[in-house]
Amino acid sequence: MGILDKFSLEGKVALVTGAASGLGASMARGLAEAGADLAVHCRTSGQASATCEAIAATGRRAIEAVGDMAEKDSPKSVVAQVIDGFGRIDILVN
């Protein structure tokens with residue numbers, strides 16, 4: 001058993017906010033490489049398509065969760081999108 005096996009996220013679901021680019025996208029890809037399925041948050045639809053494609057290339061599932069977190073009801077909506085897509089959230093990177 002290698003060291004990475006001890007840190008496996010196989011079967012976990014992660015939501016990463018701001019994951020369309022930059023650090024958020026890197027975090028999302030890293031979690032996918034460790035075995036997690038990802039909800040990739042972005043402000044407007046389509047912004048996270050490249051991140052979702054990179055995650056899919058690792059063999060993990062990815063959905064886009066859209067919402068402007070500066071709006072009052074947006075966090076609830078984003079969580080609902082993730083629950084609809086995966087049934088739960090195990091990991092949050094905000």
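Cysteine 42 is buried in this predicted model, with a relative accessible area of 2%, and cysteine 52 counts as buried as well, at 14% relative accessibility. Are these two cysteines in a disulfide or in none? Cysteine 42 is in no disulfide, since the nearest cysteine sulfur, that of cysteine 52, lies 7.5 Å away, whereas a disulfide would need the two sulfur atoms within 2.5 Å. The structure as a whole holds 0 disulfides.

Let me stay with cysteine 52 and turn to its helix, H3. The buried residues of H3 are Thr51, Cys52 and Ile55, and when one looks down the axis of H3 they fall within an arc of 100 degrees, so they line one face of the helix. On the other side of H3, Ala50, Glu53 and Ala57 are exposed. What covers the buried residues of H3? The cover includes helix H2, strand E2 and strand E3, the last of these spanning 62–66. Just after H3, glycine 59 takes a positive phi of about 90 degrees.

Of the buried residues of H3, threonine 51 deserves a closer look. Threonine 51 has a relative accessible area of 3% and is therefore buried, and its side chain reaches the backbone oxygen of alanine 20 at 3.3 Å. Leaving aside neighbours within four places in sequence, threonine 51 is in contact with Ala19, Ala20, Ser21, Ala25, Ala28 and Val40.

Two of those contacts bring us to the nonpolar cores. The largest nonpolar core has 14 residues, of which Val16, Ala28, Leu31, Ala36, Leu38, Val40 and Ile55 touch the most other members. Which elements supply at least two residues of this core each? They are strand E1 (13–16), helix H2 (22–33), strand E2 (37–42) and helix H3 (49–57). Apart from this core lies another, of 7 residues, including Leu15, Ala39, Val78 and Val82. As general background, nonpolar side chains in soluble globular proteins tend to be buried together.

Leucine 31, in the largest core, touches Leu9, Ala14, Val16, Ala36, Leu38 and Val93, if residues up to four places away in sequence are not counted. The first name in that list, Leu9, takes us to the loop between helix H1 (3–6) and E1, where leucine 9 is found. With neighbours within four places in sequence again left aside, leucine 9 is in contact with Leu31, Ala34, Gly35, Ala36 and Ile91. Leucine 9 and valine 40, by comparison, are 31 residues apart in sequence and 16 Å apart in space, C-alpha to C-alpha.

Serine 8 has its place in that loop between H1 and E1 too. Is serine 8 buried or partly exposed? With a relative accessible area of 40%, serine 8 is partly exposed, and its side chain reaches the backbone nitrogen of glutamate 10 at 3.1 Å. Serine 8 and alanine 34 lie 5.4 Å apart in space, C-alpha to C-alpha, although 26 residues separate them in sequence.

From the loop we move on to E1. Both faces of E1 are covered, in that Val13 and Leu15 on one side and Ala14 and Val16 on the other are all buried. In general, the side chains of a regular strand alternate between the two faces of the sheet. Strands E1 and E2 run parallel, with 4 bridges joining them, and valine 13 stands opposite aspartate 37 in E2.

That aspartate is where I would like to finish. Aspartate 37, in strand E2, has a relative accessible area of 9% and is therefore buried. What does the side chain of aspartate 37 reach? A polar contact of 3.2 Å joins it to the side chain of arginine 60, and a polar atom of the aspartate 37 side chain also lies 2.9 Å from the backbone nitrogen of arginine 61. Both arginines recur in the wider contact list of aspartate 37, which, without its neighbours within four places in sequence, consists of Lys12, Val13, Ala14, Arg60, Arg61 and Phe86.

Conventions. Residues numbered from 1 in each chain as written. Predicted model: local features only at pLDDT ≥ 70, side-chain atom pairs only at ≥ 80, totals over all residues. Heavy atoms only, no water. Buried < 20%, exposed > 50% of the residue type's maximum accessible area, 1.4 Å probe, protein only. Core = buried A, V, L, I, M, F, W, Y, C linked by side-chain atoms within 4.5 Å. Contact = heavy atoms within 4.5 Å. Arc of directions from axis to C-beta. Polar contact = N/O pair within 3.5 Å; in protein donor to acceptor, adjacent residues only side chain to side chain. Pairing = 2+ DSSP bridges.
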